[in-house]
Amino acid sequence: MSGGTEPHRSYALCLAVLALSGCSSFAPAGDHPMSAPSQYRTWFEKTRACSGLNGDFDRIKWFVVDGDEFDCPSGKCVGRWNDDHSIFIARAYTENEMVVRHEMLHDLIGHPGHPDPPFGNPCPLTWATWHGGDTTAAGPAGPAGRVVAVKRPNID
Ligand SMILES: [Zn+2]
């Protein structure tokens, strides 16, 4: 148990990363609170398993954002994690395992960057590394059988 929700500490951390990430002040337009589909709990367990990290699924606050993508500090995003354990998913990607689990992995590691490990290896939760069969996640397969994404919107 980490108990890492002490307000002043979170606030200091927030200030420290504000310039880079926009921190938890970020909230897109057109977001709606969402109760997580039961599928998400399974995906969370898979993400915990691949990363070896512990977390608490029930502390995550989920939001769905209208449309295919939304404005975020890095441009346009289809997913976005904030350090107050809130996760925003564009409506078009709420059933996209890679995008949803990518955001879960942020919550497990507790910061917005993409260090490898665990992003990529051992958890292939990026456009470049995802090998799932969901073609909506990664676009058509390339000539060598590798997954080549047509479009790779940001997953913050
Ligand atoms: Zn990310």
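## Exercises on a predicted chain

Of the 156 residues in the chain, buried residues make up 26%; a residue is buried if 20 or more other C-beta atoms lie within 10 Å of its own, exposed if 12 or fewer, and partly exposed in between, with C-beta atoms placed from the backbone. This is a predicted model, in which local features need pLDDT of at least 70 and side-chain atom pairs count only at pLDDT 80 or more, while totals for chains, interfaces and linings use all residues. Residues are numbered from 1 along each chain as its sequence is written.

### Exercise 1. Confidence and overall layout

Task: State what average pLDDT the chain has, and give the pattern that the chain follows along the sequence.

Solution.
Step 1. The pLDDT, which is the predictor's confidence in each residue from 0 to 100, averages 82 over the chain, and 72% of the residues score at least 70.
Step 2. Residues 1-5 have a pLDDT below 50, and this stretch has one contact in the model beyond near neighbours in sequence. Two residues are in contact if their C-beta atoms, placed from the backbone, lie within 7 Å.
Step 3. The pLDDT is also below 50 over residues 133-149, a stretch with 24 contacts beyond near neighbours in sequence.
Step 4. The chain holds four helices and six strands. Helices (H or I, at least four residues) and strands (E, at least two) are DSSP runs, numbered from the N terminus.
Step 5. Along the sequence the pattern is α-β-α-β-β-β-β-α-α-β.
Step 6. Among contacts with a separation of 6 or more, 63% join residues 24 or more positions apart.

### Exercise 2. The largest nonpolar core

Task: Identify the residues that touch the most other members of the largest nonpolar core, and the element that gives the most to this core.

Solution.
Step 1. A nonpolar core is a set of buried Ala, Val, Leu, Ile, Met, Phe, Trp, Tyr and Cys residues joined through C-beta atoms within 7 Å.
Step 2. The largest such core has 24 residues, of which V78, I89, A90, V99 and L125 touch the most other members.
Step 3. Two or more residues come from each of α2 (38-51), β2 (61-65), β3 (70-72), β4 (75-82), β5 (86-90) and α3 (97-109). The most come from α3, with five residues.
Step 4. Not counting residues up to four places away in sequence, I89 touches V64, V65, G79, T94, V99, V100 and E103.

### Exercise 3. The surroundings of β5

Task: Determine which strands are joined to β5 by bridges, and in which direction they run.

Solution.
Step 1. Strands pair if DSSP finds at least two bridges between them.
Step 2. β2 and β5 run parallel and are joined by five bridges; W62 stands opposite I87 in β5.
Step 3. β4 and β5 run antiparallel, with four bridges; here W81 stands opposite I87.
Step 4. A hairpin is formed by β4 and β5 with three residues between them, and H85 in the turn has a positive phi of about 65°.
Step 5. In a regular strand the side chains alternate between the two faces of the sheet. In β5, S86, F88 and A90 lie on one side and I87 and I89 on the other, and both faces are covered.
Step 6. Five of the five residues of β5 are buried, so this strand is largely enclosed by the rest of the structure.

### Exercise 4. Helices α2 and α3

Task: Establish where the buried residues of α2 fall around the helix axis, and how many residues of α3 are buried.

Solution.
Step 1. α2 has 14 residues and reaches 21 Å from its first C-alpha to its last, close to the 20 Å expected at 1.5 Å a residue. The expected span is 1.5 Å times one less than the number of residues.
Step 2. Y40, F44, T47 and S51 are the buried residues of α2. Seen down the axis, they fall within an arc of 65°, so they line one face of the helix; the arc is that of the directions from the helix axis to the C-beta atoms.
Step 3. The face turned away from this buried side carries the exposed residues S38, Q39, R41, T42, E45 and A49.
Step 4. What covers the buried residues of α2 includes α3.
Step 5. In α3, 11 of the 13 residues are buried, so this helix is largely enclosed by the rest of the structure. Among them are V99, V100 and E103.
Step 6. Positive phi values follow both helices: about 70° at G52 just after α2, and about 80° at G110 just after α3.
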